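Trainee: Please take me through this model step by step, starting with a single side chain and ending with the overall layout.

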Amino acid sequence: MASNIDLISYIRVASACPAIKVADINYNINEIISTIDRAAEVGTEIIVFPELSITGYTCGDLFRQRILINTVNTAIDKICEYSAKNKAKNMLIVVGAPIEVNATLYNCGVAIVNGKVVCIVPKLYLPNYNEFYERRWFAPAMGIKNQTIRFNGEDVRFGTDIIISHNGALISIELCEDLWTAIPPSCHSALAGAEIICNLSATDEVYGKHRGLVKMIEQQSSRCKAAYIYSSAGYGESTSDMVHSGNAIIVENGTTLAKSPRFTADELFEMADIDLDIIRGERMLTSSWADCASDHRKDFEVVTTNSNPTEKMELMRKIDAHPFVPADKQERDHCCDEVLQIQTLGLMRRLQITRSSTLVVGISGGLDSTLALLVAVRVFDRLGLDRKGIIGITMPGFGTSVRTRSNAHIIMEQLGITTLEIHIGKAVEQHFNDIDHPADRHDITYENSQARERTQILMDYANKVNGLVLGTGDLSELALGWCTYNGDHMSMYAINAGVPKTLVKALVAYEAQHTDDATLSASLMDIVDTPISPELVPSQSDQRLDQVTEDIVGPYELHDFFIYNTLRYAFRPAKVYALAQIAFEGSYDSETIKRWLKIFYRRFFTQQFKRSCMPDGPKVVPVSLSPRADWRMPSDASAKLWLDECETL
């Protein structure tokens, strides 16, 4: 398990929708306090309840009754009293209540921490159409800013221009209809710095509405580059004219982390650990975010709570060991189809702009060249070109295995392309003689000479047939520099340059599962199951590979995890290490993860010179290493900061 300091950027939040009784404030408060107690047991730092949760949303004209309003104030005192207790004193509690200010009633979110009401935020936009008629009882909060009111004997900040600083996070509040407007208040609070938006709601159920609601929450979270905690009124509300089934939804930067079941009479309670590093990183990365904030920023007051971060427990968040490959089969199939479409369209355009109808591909019988060939076939079919214009060249060398050579021929034959086999042995031996290198010294020169000979054959053959050399190397190899400079590193279009190795494997498996050719499918699946190897060193046995890539540079599933979290979110080594321990628990021990993490950073920095001059190739996942797209880095940058931190792990 990762240490607390490694997980300091996480804040535990909850959305709760307890079953209530309309206008029975004492009952509702007991349910709310019981839920707070439940949340406190697991270290929750922010909990959000529905709109008007203390009274119930559907009180109607009872909102005008003095006994109801006075009892609300007493009830809030009870929550404050409970929140001062040890278990809950560091928790931000946001409840919905009708609050009277200067003989005017407002629909409010009340924020409570450690025995005190820290602020009250009134609802800006009141729905007064169809089944809603809130203006009958409440006043809109237009223009209510920078105010202090006297509430339950204390001075409390009151207004729509408040951000709460709590346990290292900046939080704002909006209520229900505020989200449904053209410019929700959370847009302004996010631009002013709010990282977590709390929405207290009372959305009723109408056919088709829920789907749009979830999309709206996800879009607002993504647009604001913020976390969004949504809690809406549930079971117990009056069913005279509407049904409220409750929604407890937690979204982070557009991704739903938790969502409650629907149509249940039970209390709804969902929790998640929000990663503030992701939110802050996205805002820093996106230059238009700062521009928009500069153009539209409004003044907000920051109210700081008297609290301390809760001691971290086990992370309540799924850490995906394979972030480039969805675990769900349906989503994985969708991902694979989309990636293949992107690759196909990219290569189609390259062929059309170069007026070429011939592709030359080096086919090794391994994953990468297989994927490149499959994309090439898709392209030729889409363009109505004869597949014979794809020239697959297999080039056996000193370490080529029977298995990969056989698979190379099978897939080329089954796909109906032009097949060539050119042995490189004699040419490489001549080269060894030319440079005075012993043929029995199996060093880097021995290996790279073969890789460059293969590239020379591909390039020269492409010249001969007026075609393009299609590159096969993938994103993971580029990150590690696991390619020969001016060898397999070079091509005329690097179709796989944006595809990490774990996704390459998934794509080949996807194609195997979606072909009607049983022979091709079997060969593709055998390629998926074959250990990854450059096959540049002679093997001692036809049945066993002596040169397995992952034994040398490390498991690709680990490296792809490192790549994603280092490039996508810019996490520091300590955090990448901590998350990897969680994601790969039971697969790799801590020392193994640390060993390959150090190798990742060392290789990533020292091999930048290869990426600085890599060929064109399409981006297909959220990260890219192209010097013309995502990644610009000097080739002589120092890895010391990263490696020094690795040594402390």
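**Serines, cores and a sheet**

Trainee: How many Å is the polar contact that joins the side chains of Ser189 and Ser172?

Mentor: Before we start, this is a predicted model, where local features need pLDDT of at least 70, side-chain atom pairs count only at pLDDT 80 or more, and totals for chains, interfaces and linings use all residues. Residues are numbered from 1 along each chain as its sequence is written, and side-chain values use heavy atoms, leaving out hydrogens and water. A polar contact is a pair of N or O atoms within 3.5 Å; within protein, one must be able to donate a hydrogen and the other to accept it, and residues adjacent in sequence count only if both atoms are side-chain atoms. Between the side chains of Ser189 and Ser172, the polar contact is 2.8 Å.

Trainee: Does Ser189 count as buried or exposed?

Mentor: Ser189 belongs to helix α4, residues 185-191 (helices are DSSP runs of H or I with at least four residues, strands are runs of E with at least two, and both are numbered from the N terminus). Contact means heavy atoms within 4.5 Å, and beyond four places in sequence Ser189 touches Ile163, Ser172, Ala194, Ile197 and Phe300. Under 20% relative accessible area is buried, over 50% is exposed, and in between is partly exposed (1.4 Å probe, protein chains only). The relative accessibility of Ser189 is 3%, so this serine counts as buried.

Trainee: Ser307 has a polar contact of 3.2 Å between side chains; with which residue?

Mentor: Ser307 sits in the loop between β15 (301-304) and α8 (329-353), and is buried at a relative accessible area of 15%. Not counting residues up to four places away in sequence, Ser307 touches Lys89, Asn90, Val113, His166 and Asn167. One side-chain polar contact, of 2.9 Å, goes to Thr305. The contact of 3.2 Å joins the side chain of Ser307 to that of His166.

Trainee: Which residue has its backbone oxygen 2.8 Å from a polar side-chain atom of Ser521?

Mentor: Ser521 is placed in helix α15, residues 518-529, and counts as buried at 17% relative accessibility. Leaving aside neighbours within four places in sequence, Ser521 is in contact with Ala512 and Thr515. The backbone oxygen 2.8 Å away is that of Ala512.

Trainee: How many of the 11 residues of helix α18 are buried?

Mentor: Helix α18 covers residues 573-583, and its buried residues include Tyr577, Leu579 and Gln581. These buried residues pack against β1 (10-17), β14 (268-275), α6 (276-285), α17 (556-568), α19 (590-606) and α21 (640-648). The helix is mostly covered, and the number of its residues that are buried is 10.

Trainee: Which helix gives the most to the largest nonpolar core?

Mentor: A nonpolar core is a set of buried Ala, Val, Leu, Ile, Met, Phe, Trp, Tyr and Cys residues joined through side-chain atoms within 4.5 Å. Of the 92 residues in the largest one, Leu347, Leu373, Leu470, Leu503, Phe562 and Phe584 touch the most other members. With 10 residues, spread over 367-383, the top contributor to this core is helix α9.

Trainee: How many residues does the second, separate core have?

Mentor: Ile25, Ile93, Val101 and Leu105 are among its members. The size of this second core is 55 residues.

Trainee: The charged end of Arg595 sits over the ring of which residue?

Mentor: A charge sits over a ring if NZ of Lys or CZ of Arg is within 6 Å of the ring centre and within 35 degrees of the ring normal. Lys501 does this with Tyr556, 4.9 Å from the ring centre. For Arg595, at 4.0 Å from the centre, the ring is that of Trp596.

Trainee: Which strands stand at the edges of the open sheet of 5 strands?

Mentor: Two strands pair if DSSP finds at least two bridges between them. The order is β18-β17-β16-β19-β20, with parallel pairing, and β16 (359-362) pairs with β17 (390-394) over 4 bridges. Each edge strand has a single partner, so one side of each is left without a neighbour in the sheet; these strands are β18 and β20.

Trainee: What percentage of the 649 residues in the protein is buried?

Mentor: The protein has 21 helices and 20 strands, and its C-alpha trace spans about 100 × 55 × 45 Å along the principal axes. Among its 649 residues, the buried share is 57%.
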